[in-house]
Amino acid sequence: MKNTIAVIALSSFLVVTACKKNEKAGQAEKTENKATEEFVVDSVKVNDSTKITDSLKVSYTSKLLVFPSLKDKKLLDSIYFQNEKIKDFSKAGLQAYLDNEKNSYFNSVKNDNKDWASDVTYAQNWYSSSHMNLISNTNGYMHIQYVGSGYEGGAHDNYGFSERVFDLKNSKKLELKDITSMPKNKIEAILMKNIDKMNSGTMDGDGEVKNSEMLLVDKIPASDNFYFDDKNLYFHYSPYEIAAFAAGDITIPVSWEDLKGTLNTEFKERMKIK
């Protein structure tokens with residue numbers, strides 16, 4: 001009888017303990033889900049065109065990301081660093097900003113080119129395009145790519161990239177020193193060594209052309225235009241930055257092994273780099 005009572009008591013204890021564990025696990029899951037749900041990313045866009053003359057058409061396209069859950073003004077200023085006029089970071093405020101920029105662009109093209117635009121006798125399409133793209137948000141590091149391009153006459157259009165990573169945990173733009181203590185001159189030596197690891201895809205009559213064959217510089221700068229994944233740190237260069245326009249944009253990887261012994265402790269732990 002005593003044994004039966006003991007078994008019943010033990011069973012009851014295990015059931016209660018299991019329930020409490022499940023309840024805690026459920027609460028932890030809800031907290032985690034809530035944290036995930038709180039980080040919302042939206043966007044605003046504008047896509048419009050106008051005719052300056054019968055032969056000249058001008059288009060304006062732009063997209064800005066919206067982050068309703070981010071409230072730190074210094075962080076938001078850094079995220080919208082290309083748009084210093086932005087003071088209202090709400091969706092309505094950002095949409096109003098884009099509409100105003102579109103109108104300003106159209107007016108500037110009309111006013112700056114009115115003396116000769118009527119002399120254009122063949123069809124031309126000029127444009128201005130800019131986009132913010134969320135590439136990743138991993139371990140509290142948010143990577144945004146900013147792409148801009150345009151054409152206002154000439155041999156070809158122009159385009160460029162800006163890569164930025166934001167440390168959402170510490171509410172700031174990530175700097176190279178937050179990743180590695182390696183001196184820039186040593187990183188630059190690695191960049192030169194790795195220049196051909198990710199070819200841009202440029203071709204000539206003999207086939208693929210190596211990035212190193214199109215360089216315009218003797219030293220590749222370790223710029224702030226970087227991003228990373230679980231394998232490498234990447235430096236991204238726009239046309240003309242280190243090579244001829246024909247080379248396009250060039251990305252050079254620097255592996256975590258290349259930076260071994262110099263990685264910031266917090267960064268290494270958050271990215272789970274061994």
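Q: Let's start with a histidine. In this model, is His 143 buried or exposed?
A: The idea is to compare the relative accessible area with a cut-off: under 20% means buried. His 143 has a relative accessible area of 5%, so it is buried. Do keep in mind that this is a predicted model.

Q: Where does His 143 lie, and which side chain does it make a polar contact with?
A: For a buried polar residue, it helps to look at the element first and the partner next. His 143 belongs to strand E4, residues 141-151. Its side chain makes a polar contact of 2.7 Å with the side chain of Glu 163.

Q: Which other residues is His 143 in contact with, leaving aside neighbours within four places in sequence?
A: Setting those neighbours aside lets us see contacts with other parts of the chain. Besides Glu 163, the list for His 143 holds Asn 133, Leu 134, Ile 135, Ser 136, Arg 164, Val 165 and Tyr 227.

Q: Strand E4 must have company. In what order do the strands of its open sheet come?
A: To read a sheet, follow the pairing from one edge to the other. Here 6 strands form an open sheet in the order E1-E2-E3-E4-E5-E6, with mixed pairing. The edge strands are E1 and strand E6 (172-173), each of which pairs on one side only.

Q: How many bridges join E2 to E3, and which residue stands opposite Thr 61?
A: For each pair of strands, ask about direction and about register. Strand E2 (residues 56-66) and strand E3 (residues 124-138) run parallel and are joined by 8 bridges. For the register, Thr 61 stands opposite Ser 129 in E3.

Q: Which strands does helix H3 lie across?
A: A helix packed on a sheet can be described by the strands it crosses and by an angle. H3 lies across E1, E2 and E3, and runs at about 160° to E2.

Q: Now to charges. How many salt bridges are there, and which residue does Lys 102 meet?
A: The useful habit is to find the pair, then its place in the chain, then its exposure. The count comes to 11 salt bridges. In one of them, the side chains of Lys 102 and Asp 48 meet at 3.1 Å, N to O. This pair links distant parts of the chain, with Lys 102 in helix H3 (residues 91-112) and Asp 48 in strand E1 (residues 42-51), 54 residues apart. Lys 102 is buried at 13% relative accessible area, whereas Asp 48 is partly exposed at 31%.

Q: What does a salt bridge inside one helix look like, as with Lys 73 and Asp 77?
A: There, look at the spacing along the helix. Lys 73 and Asp 77 both lie in helix H2 (residues 73-79), 4 residues apart, or about one turn of the helix. Their side chains meet in a salt bridge of 2.8 Å, N to O. Both ends are partly exposed: Lys 73 has a relative accessible area of 49%, and Asp 77 has 32%.

Q: Which residues are linked in a network of salt bridges?
A: A network appears when bridges share residues. The case here links Asp 167, Glu 266 and Arg 270. Arg 270 and Glu 266 meet in a salt bridge of 3.1 Å, N to O. They are 4 residues apart in helix H5 (residues 265-270), so about one helical turn separates them. Arg 270 is buried at 11% relative accessibility, while Glu 266 is partly exposed at 34%.

Q: On to rings. How many aromatic pairs are found, and what form does the pair of Tyr 159 and Phe 245 take?
A: Read the centre distance first, then the angle between planes. The whole structure has 15 aromatic pairs. Tyr 159 and Phe 245 are edge-to-face, at 6.0 Å centre to centre with 70° between the planes. The two residues are 86 apart in the chain: Tyr 159 is in strand E5 (residues 158-167), and Phe 245 is in the loop between strand E10 (232-237) and strand E11 (250-255). Phe 245 also pairs with Tyr 240, with centres 5.5 Å apart and planes at 35°, so that pair is tilted.

Q: Which residues form one aromatic cluster?
A: Here the cluster consists of Tyr 141, Phe 228, Trp 256 and Phe 267.

Q: Last one: is E11 mostly covered or exposed, and which way do its residues point?
A: In a strand, check both faces. E11 is mostly covered, with 6 of its 6 residues buried. Ile 250, Ile 252 and Val 254 point one way, and Thr 251, Pro 253 and Ser 255 point the other way. E10 and E11 run antiparallel and are joined by 6 bridges, with His 236 standing opposite Thr 251.

Note on methods. Residues numbered from 1 in each chain as written. Predicted model: local features only at pLDDT ≥ 70, side-chain atom pairs only at ≥ 80, totals over all residues. Heavy atoms only, no water. Salt bridge = Lys/Arg side-chain N within 4 Å of Asp/Glu carboxyl O. Buried < 20%, exposed > 50% of the residue type's maximum accessible area, 1.4 Å probe, protein only. Polar contact = N/O pair within 3.5 Å; in protein donor to acceptor, adjacent residues only side chain to side chain. Contact = heavy atoms within 4.5 Å. Pairing = 2+ DSSP bridges. Axes fitted to C-alpha atoms, helices over the stretch in contact; angles between N-to-C directions. Phe/Tyr/Trp six-rings, centres within 6.5 Å; stacked < 30°, edge-to-face > 60°.
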